[in-house]
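Reader: I would like to understand the words used for this protein. Could you take me through them with care?

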Amino acid sequence: MVLSWSAWQPHDGFTWWMEAAPALLAVPILLWCRRVFPLTSLLSVLILLHCCVLFVGAHYTYAQVPLFDWLSDWFSWGRNNYDKLGHFAQGFIPAMIARELLLRKQVLPRGRWCNFLCCCFALALSAFYELVEWWVAVLTNDGAEAFLGTQGYVWDTQSDMLFALIGAICAVLSLSKLHDRQLAELAISAK
């Protein structure tokens, strides 16, 4: 439903495709996972929420999400910070995806190293996304301004990666115990 709303008369068609692409690519992967590698319900919900964040940002462009315009006025921000929510989610959800894969594939045991590498994965993914934004800007010249969403902020790239890192740290600190319980339940039901 959010996808349909997002795709209907978006603010900018090119930006919509660029911003919605990660969520659109996730759909076939999730369908495959449902049959072959079922995810915990926690991770499924997190991925769904992340898709919603992406679709809202794609519909309006991140710099023009109405709720965050109001918040910008209220907090006297010089910019619309919806993209910071998006980058927080870009760290939060991938960290949990990495955690589920590392633990279920028995790459690492639970603990500090697993949490550290989950945060490293999320930060690397965020840095790669910033490189993609740069490549799009180079290839399309000025056509990528809405996709970049820098809004004149010189430290946008660095703060985007920082928000992703903060999101990843928050995810592993706040959700690890719940995630561990769901992983245990998933392992029992798989037997």
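Reader: What makes His 87 count as buried?

Author: Buried means under 20% relative accessible area, whereas exposed means over 50% and partly exposed lies in between, with a 1.4 Å probe and protein chains only. His 87 has 6% relative accessibility, which is under that limit, so His 87 counts as buried. This is a predicted model, in which local features need pLDDT of at least 70, side-chain atom pairs count only at pLDDT 80 or more, and totals for chains, interfaces and linings use all residues. Residues are numbered from 1 along each chain as its sequence is written, and side-chain values use heavy atoms, leaving out hydrogens and water.

Reader: What does His 87 touch, apart from residues up to four places away in sequence?

Author: Contact means heavy atoms within 4.5 Å, and the residues that His 87 touches on these terms include Ser 126, Tyr 129, Asp 160 and Phe 163.

Reader: Why is Asn 81 called buried or exposed?

Author: Asn 81 has a relative accessible area of 15%, and because this is under 20%, Asn 81 is called buried. Leaving aside neighbours within four places in sequence, Asn 81 is in contact with Phe 68 and Ser 72.

Reader: And what makes Trp 134 count as exposed?

Author: The relative accessibility of Trp 134 is 51%, which is over 50%, and therefore Trp 134 counts as exposed. Trp 134 also belongs to a nonpolar patch on the surface, together with Phe 128, Leu 131, Trp 135, Val 138 and Leu 139.

Conventions. Patch = residues over 30% accessible without salt bridge, like charges linked within 9 Å, V, L, I, M, F, W, Y side chains within 5 Å. Areas by Shrake-Rupley, 256 points an atom, 1.4 Å probe, with all protein chains shown as cover. Salt bridge = Lys/Arg side-chain N within 4 Å of Asp/Glu carboxyl O.
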